[in-house]
Every structure is written in structure tokens, then in C-alpha cells.
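Biologist: Thanks for sitting down with me. Shall we go through this one together, starting at the ligand?

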Amino acid sequence: MSLNDHWMQRDLNVLWHPCTQMKDHEQLPLVPIKRGEGVWLEDFDGKRYLDAVSSWWVNVFGHANPRINQRIKDQVDQLEHVILAGFSHAPVIELSERLVKLTPAGLDRVFYADNGSSCIEVALKMSFHYWLNVGKPAKKRFVTLSNSYHGETIAAMSVGDVALFTDTYKALLLDTLKVPSPDCYFRPDGMDWEAHSRAMFAHMERTLAEHGHEVAAVIVEPLIQGAGGMRMYHPVYLRLLREACDRYGVHLIHDEIAVGFGRTGTMFACEQAGIRPDFLCLSKALTGGYLPLAACLTTDRIYQAFYDDYTSLRAFLHSHSYTGNPLACAAALATLDIFEQDNVIEANKALAARMTSATAHLADHPHVAEVRQTGMALAIEMVQDKASKTAYPWQERRGLKVYQHALQRGALLRPLGSVVYFLPPYVISEEQIDFLAEVASEGIDIATRNSVSVAVGNTQYPDFRDPG
Ligand SMILES: *Cc1c(COP(=O)(O)O)cnc(C)c1O
């Protein structure tokens, strides 16, 4: 038995993996990873995989980055954790100061959570609670875009829009208002991104005009709807949305959990629209992909609505055990140092350009409807019929073919349904980008070559965040 098989067997005896139909592993080998270095992951049999998805979009400076490692090692000898209520520590104070400085002016307060989903819960609760504290209890609904993803907890799912979840857990979800997304994949022929995103804003305007009085906040994934298939839109939408939120007295929540920290080409996506949201949710790359940590930044105005005598009962009494964990904060500080010292946002421009050129030929592929890109995120949409953009039936799991081919070739590509994407760590080289493009091209050829016989199980929807 190989070492991989040994660990796989022990794993499958006891683990239940995230976002996985476990029965798949009767056919699909699990990949136990022994070590990581830079963009590479290495399994127990010594095979290496280029991590093209940054290990679920968290890793920006590679695995086992010496600078982040050292900072965590130093911190662990000093203080591993302390309660953040009534107590504080240097890493969380320094990190908060730096986040306030780094983000758009006016985001002056930082509240911590320990993962993206709970960060969304914080923003939703704070927004609702703000309106309660200022005497507007009617403002308790949330507006969200179609095809959104904001996490897995109940309220975060409620503001998301993925059939698998909204249908399965419908009975548990909050009642939200869904507005068609500005997603440019569906723009009419000949229309550019800006014109399409602008035109789609009419739906949002109408919803806010009608429901503004009962709406606490609009929540969006700025520029890229990640888990919904790396669908993209123009920053003009965010600018129009900011103006409309001000007009209708509604908060704007930017979920930059996936896109923050350089993914869209700027440090934060909101910079491209020149706006400041009322809540900015950050996680994933915040710690360089090392440790779970999330930050919800907000304005002094919102903070002040909670600031009162204890007996007024206006305080935000929300807490997580690991709030502001010092090790995670140390990893975040090291990550911010690297952004600064290595001028990463500027350096990424060449990498993004290489991603464009390396995949340009795929636009002509008979089963590729679109190759789209925003900064360091690039997506290739495989379709059954190119002219009509007819999707493959999800049951065919074409993306899974690409995933399997990539594994064989030594790359971790994990398509979302039929969308193959690259979201690589920023320490990738131009040659490694070429390699990924080659692997993806081959994979797409293989995945789209034949008709697929489908064994339809009893699940009704495609797996989500899964190589469906
Ligand atoms: C991943 C993600 C989340 C949820 O974060 P978790 O840490 O996985 O709970 C929320 N919003 C967006 C846009 C994400 O991509």
C-alpha cells in the first residue's frame, strides 16, 4: 500500500469532508498532503500539485512562507491566545490600526470574527441593530444579488442565492429581497461590461425605491461573484449602489472576503469604484491563508449608535471564543508586511497580463463561451453550445474531468460546475501560469470532447464549490 493510500484509508474511516458527497471517494482518490512550499503541495508519495486555487482562495504568498512562519513562531512563544473582552494584545491592536489605514477613509472601527461566514453574521446583525438603536425597527430586511455567495451559516446562506441551499434549507432562511445580478456573462451581444452593469442597476433602484423603508442593508460581493462561478461585473454598479443606498437610507455591506487583498487588481475591490461601504468584511487572504480570522470594518457613525451607558442595552453583545486570536493576527501582520515590502499590487500586474495572454487562445475553443478576468482571477466558462451559451447539464460533471486531468498533470484546479478558474497565489511565476494554462486547455479538450453518459443520483442540484 502506498503512503497516500494508507492516509486515505485512515481518513475515510473517520472524516466527513466539507462540500463533498463522500460517496464520490469510492472512485475519486482523496489527496493527502504531506507538505507545502510556495505554490506547490506535495502528497505522501512525493507527487506535487500546483495550487491554482490558493487552497480555497486563502493563500496569497505560498505555503510555508518563511516570513509568515517566523512571525507566527515568534508570537507563539509570547502569547497564543487571550480573551478579547476586557483584555487586549499588541498584534490585534497593530492589525486594527493597519486595517483602518489601508481601507477607504471612514472605516475606523474593526470588529473581529473567526471565519468569513461569522463575519457576515456580524455585519448583518450590526446593521439591523444600528437601525434598532436609532429608532427604526422596521428596517430589518436585506437586499442581495442573484447568484451571490456569502457563506454557510443560516443568515449568511439567507443572503446567498444558490439553488442547492436556498431550496434544501428554505424553511430555515431569513426572508430577503433578491435583485438580478449585474453579471456581465449575460450581457447582450455588442454591449460592454459598463453599459450592461449600469443597465442592470435599474432593478436595484426599483427595489430600493419600493422597499427602502424596510431594508437594513444591501450586501454584495464587489466585482466578482466567486462561488457563483466567478461571474464578474463593472465597478460602475458599485458606485450607483453607493449613491442609491445613501438616497434611500440603507447600509451597504461589501463582502470582500474573497476579493480583498489584491485579488481584483487593487488592494480592495471598492477602490475601483472609489467608494466606501458602511461595512467591509474581510477574511480568507487576511492571514495569508494561514489561520482563520475575519474582520468587519465599519464607520464611526455606526459605532456611536451602540456607545451608551450599559443599562441602555445598546451594546453589540456578539462574541466568538477565538475573537482576534494573536497567532492569526501575527500571520495577518506578516501578510500586510509582504504586501508593502514587495509592492505586490504593482508586481501582480505582470502576472495578471500573463494569465490573459496564456489563456487567450481558449476564447476560440468551440466549447468555451467566455474567458473573463478581473485582476488575479480568471475564469473559463465551458458550455455545450457556444452561440447560445447553453450550459452543460450539471449531472455531466464536466468540471470534474478537468479536475481529474489536472491532478494527473500535477495541478490543483477545482472548477465550479463548468467554470474552470485560476485564482493562484501571488508568488506564482509566469512559467507556472503557462503550465496551468496548458493543463487547463488539455483538461477542457478532454472534458468537452465526448458526450457523457450520466448516472443521475437522487440529489436535485449541482454540488456547490465542488468540481461538479
Ligand atoms: C468564502 C466566502 C465566505 C465565507 O467564508 P468562510 O470563511 O468560508 O466561512 C463569504 N463570502 C464570500 C464572498 C466568500 O467567498
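Modeller: Gladly! One cut-off first: a polar contact here is a pair of N or O atoms within 3.5 Å. Please keep in mind that this is a predicted model.

Biologist: How far does a polar side-chain atom of K284 lie from an oxygen atom of the ligand?

Modeller: K284 is one of the residues that come nearest to the ligand. A polar contact needs the two atoms within 3.5 Å. The polar side-chain atom of K284 meets that cut-off, with its distance from a ligand oxygen atom being 2.6 Å.

Biologist: How much of the ligand's accessible area does the protein cover?

Modeller: Alongside K284, whose side chain lies 2.6 Å from a ligand oxygen, there is the rest of the protein to consider. On its own, the ligand has 380 Å² of accessible area. The share of this that the protein covers is 89%.

Biologist: Which residues come nearest to the ligand?

Modeller: There are 13 residues around the ligand. By type, this shell divides into four nonpolar, five polar and four charged residues. Those that come nearest are G116, S117, H150, D255 and K284.

Biologist: What does UniProt list for K284, and where in the fold is that residue?

Modeller: The unreviewed UniProt entry lists K284 as "modified residue: N6-(pyridoxal phosphate)lysine". With a relative accessible area of 16%, K284 is under the 20% cut-off and therefore counts as buried. Its place is in the loop between β11 (279-282) and β12 (294-299).

Biologist: Which residues does UniProt list for "binding site"?

Modeller: This again comes from an unreviewed entry. Among the residues listed, S117 and D255 also belong to those that come nearest to the ligand in the model. The full list in the record is G116, S117, D255, H320 and S321.

Biologist: Let's take D255 next. Which side chain does the side chain of D255 join in a polar contact of 2.7 Å?

Modeller: D255 is found in strand β10, residues 251-255. At 6% relative accessibility, under the 20% cut-off, D255 counts as buried. Leaving aside neighbours within four places in sequence, its contacts include I120, Y149, V220 and C281. The partner in the 2.7 Å polar contact is H150.

Biologist: And how far is a nitrogen atom of the ligand from the side chain of D255?

Modeller: D255 is among the residues that come nearest to the ligand. The side-chain atom to look for in D255 is an N or O atom. Its distance from a ligand nitrogen atom is 2.6 Å.

Biologist: Is S117 buried or exposed?

Modeller: S117 is found in helix α5, which spans residues 116-133. Beyond its neighbours within four places in sequence, S117 is in contact with H150, G151, E152, T153 and A156. Its relative accessible area is 12%, and the cut-off is 20%, so S117 is buried.

Biologist: Now to S96. Which backbone oxygen does the side chain of S96 reach?

Modeller: S96 lies in helix α4, residues 90-102. Its side chain also has a polar contact of 2.9 Å with the side chain of Y112. The backbone oxygen that the S96 side chain reaches, at 2.5 Å, belongs to V92.

Biologist: How far apart in space are H203 and R98?

Modeller: H203 has its place in helix α8, residues 193-211, and is partly exposed at 26% relative accessible area. Not counting residues up to four places away in sequence, H203 touches V179 and P180. In sequence, H203 and R98 are 105 residues apart. From C-alpha to C-alpha, the distance is 37 Å.

Biologist: One last topic, the backbone. What is phi of M230?

Modeller: Most residues other than glycine have a negative phi. M230 has a positive value and is found in the loop between β8 (224-225) and β9 (231-232). Its relative accessible area is 2%, so M230 is buried. Phi of M230 is near 50 degrees.

Biologist: And in which loop is C19?

Modeller: C19 is not a glycine either, and its phi is positive, about 50 degrees. At 29% relative accessibility, C19 counts as partly exposed. The loop in which C19 is found runs between α1 (3-14) and β1 (33-37).

Definitions and conventions
Residues are numbered from 1 along each chain as its sequence is written. This is a predicted model: local features need pLDDT of at least 70, side-chain atom pairs count only at pLDDT 80 or more; totals for chains, interfaces and linings use all residues. Side-chain values use heavy atoms; hydrogens and water are left out. A residue is near a molecule or strand if one of its heavy atoms lies within 4 Å of it. A polar contact is a pair of N or O atoms within 3.5 Å; within protein, one must be able to donate a hydrogen and the other to accept it, and residues adjacent in sequence count only if both atoms are side-chain atoms. Accessible areas come from the Shrake-Rupley method with a 1.4 Å probe; for residues, only the protein chains shown count as cover. Ala, Val, Leu, Ile, Met, Phe, Trp, Tyr, Cys and Pro count as nonpolar, Asp, Glu, Lys and Arg as charged, and the others, Gly among them, as polar. Helices (H or I, at least four residues) and strands (E, at least two) are DSSP runs, numbered from the N terminus. UniProt positions are given in the numbering used here, feature names are shortened, and annotations may be inferred rather than shown by experiment. Buried means under 20% relative accessible area, exposed over 50%, partly exposed in between (1.4 Å probe, protein chains only). Contact means heavy atoms within 4.5 Å.
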